[in-house]
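Student: Please take me through the labels used for this structure. I want each one set against its cut-off.

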Amino acid sequence: MVVTGASGHIGANLIRELLARGYRVAALVRQSDLALEGLNVDRIRGDTLDPGSLRSAFHGADTVYHLAGYISIGPGERERLYEVNVEGTRNVLAACRVEDVATLVHFSSIHALDTRPSELAVTESTRLLEDGEGSDYDQSKARAERLVRANDSPALATRIIYPTAVFGPHDYHRSLTGQAIERMAKGKLPMLIGGGFDWVDARDVASGAIEAAEKGADGDRYILSGHYCAIGDMARDIHALGGAAPPRLSVSPGFA
């Protein structure tokens, strides 16, 4: 097994679950390997933008979990998002074909799907966003997924994973979700945003991804979700667990 993005939040949990199930794991590491400390994994220095390092990492692997990506909701990041998320995925697909990898589990995002209007259910059949829809991050994930869906190699089977908002342990580099939860706990949010989201434990995402690889079929797509929770309810739960009291002011998502 090879995991790209092994140092990230989901990657750290995925590697631990793979090890618990008895798999031998190789982790593609670009910079920090803090998330891998104390784990019996093969650390391979590489980058999804370096095709040679990918081929070396994937050599002899049966399954690749592709989690490496760039997340940003700020302005001016379009070029970097497309470089890492789209071209990086293109390189991963090419390396899988060259190295005869049997299964690629690609981590997309719930934000790659058209979630409008919000009152409708989102399913694995919901259409992908088109260019010009959603944020630059959303579009980059949708483009990357299209590359995976277009895979025409009969020797390479694919699965696509859509996590919702991920929280949980081993968030060593503080994901955006982790940062928000931490700020709530420390009383550093001046106001709350109305509405809510679907939240899923990173350990459940890890287990679901492995089940998809082990039991799924070529081309399968899986939304890995947990439970809906309003932002205000989450803030009150955090307060009940010892965190700061929630802000009294709440604004609409549009105003925010």
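**Labels and cut-offs**

Tutor: Start with Asp100, found in the loop between α3 (78-98) and β5. Helices (H or I, at least four residues) and strands (E, at least two) are DSSP runs, numbered from the N terminus. This is a predicted model: local features need pLDDT of at least 70, side-chain atom pairs count only at pLDDT 80 or more, and totals for chains, interfaces and linings use all residues. Residues are numbered from 1 along each chain as its sequence is written, and side-chain values use heavy atoms, with hydrogens and water left out.

Student: Why does Asp100 count as buried or exposed?

Tutor: Buried means under 20% relative accessible area, exposed over 50%, partly exposed in between (1.4 Å probe, protein chains only). Asp100 has 61% relative accessibility, so Asp100 counts as exposed. Asp100 also has a positive phi of about 60 degrees, although it is not a glycine.

Student: Which class does Arg174 fall in, and why?

Tutor: Arg174 is at 40% relative accessibility, so it counts as partly exposed. Arg174 is in the loop between β7 and α5 (176-185). Its phi is positive, about 60 degrees, and it is not a glycine.

Student: Why is Thr103 called buried or exposed?

Tutor: Its relative accessibility is 10%, so Thr103 counts as buried. Thr103 is found in strand β5 (residues 103-107). Contact means heavy atoms within 4.5 Å. Not counting residues up to four places away in sequence, Thr103 touches Asp62, Thr63, Val64, Leu156, Ala157 and Arg159.

Student: What makes the buried residues of α5 line one face?

Tutor: The buried residues of α5 are Thr177, Gly178 and Met184. Seen down the axis of α5, they fall within an arc of 125 degrees, so they line one face of the helix. The arc is that of the directions from the helix axis to the C-beta atoms. Their cover includes β7, β9 and α7 (231-240). After α5 comes Gly187, with a positive phi near 70 degrees.

Student: How many strands form the sheet that contains β5, and what is the pairing?

Tutor: Two strands pair if DSSP finds at least two bridges between them. In this open sheet 7 strands run in the order β3-β2-β1-β4-β5-β6-β10, with parallel pairing. β3 (42-45) and β10 (220-224) each have a single partner strand, so they stand at the edges, with one side left without a neighbour in the sheet. Axes are lines fitted to C-alpha atoms, for helices over the stretch in contact, and angles run from 0 to 180 degrees between N-to-C directions. Neighbouring strands here are turned by 20 degrees against each other on average, direction ignored.

Student: How do you know that β1 and β2 pair?

Tutor: 2 bridges join strand β1 (residues 2-4) to strand β2 (residues 26-29), and the two run parallel. The definition asks for at least two bridges. The pair qualifies with its 2 bridges. Val2 stands opposite Ala26 in β2.

Student: What is the order of the sheet with 3 strands?

Tutor: The order is β7-β9-β11, an open sheet with mixed pairing. The edge strands are β7 (165-167) and β11 (227-230), each pairing on one side only. The twist averages 45 degrees from one strand to the next. β7 and strand β9 (residues 196-201) pair in the parallel sense over 3 bridges. Val166 stands opposite Val200 in β9.

Student: Which strands does α6 lie across?

Tutor: Helix α6 (residues 202-215) lies across β7 and β9, at about 65 degrees to β9. α6 also lies across β4 (63-66), β5, β6 (157-163) and β10, running at about 160 degrees to β6.

Student: What makes Arg80 a charge over a ring?

Tutor: The rule asks for NZ of Lys or CZ of Arg within 6 Å of the ring centre and within 35 degrees of the ring normal. The charged end of Arg80 sits over the ring of Tyr70, 5.8 Å from its centre.

Student: Where is the cis peptide bond?

Tutor: It joins Arg116 and Pro117, with omega about -15 degrees. Pro117 lies in the loop between β5 and α4 (136-149).
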